[in-house]
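Me: I've got a structure on the screen and some questions about how it's put together. Can you walk me through it?

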Amino acid sequence: MKLHKLLIFIVVLSIFSCATKEEDKKSNKVTKELTAENSFEFGVWITANNDRANEDYAQEFEKYKSAGIDEVLINTGTDPELLKRIVPIAKEEGLKVHAWIMTMNRPGDTIALQHPEWYAVSKEGKSCFDTRPYVGYYQWLCPTRKESRNHILGLVEGLAKVEGIESVHLDYIRFSDIFLPIGLLPKYDLVQDEELPEYDFCYCDVCVSEFEKIHHKNPREIENTAIDMEWKQFRLNAVRNVVNDAYKIAHKYNKNLTAAVFPYPEMADHMVRQRWDKWTIDEVYPMIYHGFYNEEIDWIGFATKQGVEDVKDKEIGVNTGIYMPPFKSSEEVKQAILLAKENGAKGVTFFDGPALTDDYLKTIKETKESLK
Ligand SMILES: [Zn+2]
C-alpha cells in the first residue's frame, strides 16, 4: 500500500514537472515572439567612397535615423579602412552597420586580376577574366578553386575584424545569372528560353576535375547540362561552402553573417544557382524587387512568405529587400512594408538610401509609428 502511494506521488510529480517545462517553453517562445514583433527593423543599402567628408556622412545618417531607419548596409568596395572611418559616425547617429561585400563577383579586384585562372569559365570555355557576361562589371571568381576562395575569405575576414559592425553582408554570393530577371531582358535585347552556354559557369579545369572525382563524368561532355542534377548540385554546394566558411570567420570575430539573396530559394536556384535555405547564416535580405520581374506589389508578400517558411526552422531572419524606382507613390511603399511585415519578415531594407525621397522617408516614419 505504501509503495502504491509512493508510485502515485512520483507519477503526479513527473506530470507536474512536465507541465512546468511545457509552460516554460511556451513562455520562452512568447517572449521571443514578442521581441521579434517589436523589433521590425528598417534598413538601407548605401555605397560609400573615400572622397566624402565625415560631416557629409553624419548628415546622411541623421536623415535616415530621423525617418526611423535602424541600420545601414555599407559597400566600401571591401575597404576595411574606409569602413573603420564610417562606423563610428553611423553609430553616433544610432544606426547599426553591416559590412556589405561583393563576394563572387569582384569587378576591378586588383589582386584577383593578377590571377586570370581564378575567374569563372563559361560552358563556351571563355573566362570572366576577359569575357564578361551581360555587363563589364560582371567579373566572377570560381567558387571551387582554393586560391580564389581563400582570397574571398580573406576579404571577409578583413571586414569581420572591424570593430562595431553587426555583420559581414555577402552580396553577389552566387553564380552569374543563367537567366536574367524577365524585366531586364529587353534592356539587353535578349531572349533566354533555355540555359545558354555563354551565361553558364563554371567549367574551369578545377571545377571539372573536382566534379569528375565525385561523379565520374565530365560536364563538358554532358549532352544536356541543364537537366543534369549532379552538376547543378555541385555548383549549389560550391557557393554554400563559401558561405559556411564565411560564417565561421564572421563568428570568430563575434560578428554575424548576412547576405543579399534572390527573392526565394527555388527562384534563386533557378536563376543564379543559389540555394540560401541550405546555408549556415544568421539573416538574409532577399532582394524582392518586383519591378525586375514585372510583378505587382502583392508579389512582395508572396515572395517574403515563401522564404520565411523555408528557413523558419533554422531561425534565419528574413529582411525583405525593396527596390525603390518602380514605386509610383508613398501609398505603394507603405503597402510593400506592411506586406513584408504581415508575411513574416523581421524587417525591410531599401535599395538604396539615396533613392528615398523626403516623401518616402516621411512614409517610412509614419508606417513605423503605426506598427507600434
Ligand atoms: Zn571553377
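**Chain, zinc site and helices**

Reply: Of the 372 residues of the protein chain, 50% count as buried (under 20% relative accessible area with a 1.4 Å probe, protein chains only; exposed is over 50%, partly exposed in between). Keep in mind that this is a predicted model, where local features need pLDDT of at least 70, side-chain atom pairs count only at pLDDT 80 or more, and totals for chains, interfaces and linings use all residues. Residues are numbered from 1 along each chain as its sequence is written, and side-chain values use heavy atoms, with hydrogens and water left out.

Me: How many helices and strands does the protein chain have?

Reply: Helices here are DSSP runs of H or I with at least four residues, strands are runs of E with at least two, and both are numbered from the N terminus. By that count, the secondary structure comes to 10 helices and 8 strands.

Me: What is the arrangement of the donor atoms around the zinc ion?

Reply: Donors are N, O and S atoms within 2.8 Å of the metal (3.2 Å for Na, K and Ca), and sites may look incomplete because water is not among the atoms. Here the SG atoms of Cys 142, Cys 202, Cys 204 and Cys 207 coordinate the zinc ion at 2.1 to 2.4 Å. Four donors count as tetrahedral if all angles lie between 85 and 135 degrees. The 4 donor atoms subtend angles of 97 to 118°, so the arrangement is tetrahedral.

Me: How are the donor residues of the zinc ion spaced in sequence?

Reply: Two of the donors, Cys 202 and Cys 204, are buried. Along the sequence, the spacing of the donor residues reads C-x59-C-x1-C-x2-C.

Me: Within what arc do the buried residues of α10 fall?

Reply: Helix α10 covers residues 358-371 and reaches 20 Å from its first C-alpha to its last, close to the 20 Å expected at 1.5 Å a residue (1.5 Å times one less than the number of residues). Its buried residues include Tyr 360, Leu 361 and Ile 364. They line one face of the helix, because seen down the axis (using directions from the axis to the C-beta atoms) they fall within an arc of 160°.

Me: Which residues are exposed on the other side of α10?

Reply: The buried residues of α10 are covered by elements including β1 (41-47), α2 (54-66), α9 (330-342) and β8 (347-351). On the other side, the exposed residues are Asp 358, Asp 359 and Lys 362.

Me: Which helix gives the most to the largest nonpolar core?

Reply: A nonpolar core is a set of buried Ala, Val, Leu, Ile, Met, Phe, Trp, Tyr and Cys residues joined through side-chain atoms within 4.5 Å. The largest one has 114 residues, of which Phe 61, Leu 170 and Phe 350 touch the most other members. The helix that gives the most to this core, with 8 residues, is α6 (residues 229-252).

Me: What does Asn 244 touch, not counting residues up to four places away in sequence?

Reply: Asn 244 is found in helix α6, and at 19% relative accessibility it counts as buried. Contact means heavy atoms within 4.5 Å. Not counting residues up to four places away, Asn 244 touches Trp 279 and Thr 280.

Me: What separates the C-alpha atoms of Pro 133 and Ile 178?

Reply: Pro 133 is found in the loop between β3 (96-102) and α4 (146-160), and it counts as buried at 4% relative accessibility. Pro 133 and Ile 178 are 45 residues apart along the chain, and their C-alpha atoms are separated by 9.8 Å.

Terms used: Four donors count as tetrahedral if all angles lie between 85 and 135 degrees; four count as square planar and six as octahedral if opposite donors are over 155 degrees apart and all others between 65 and 115; anything else is irregular.
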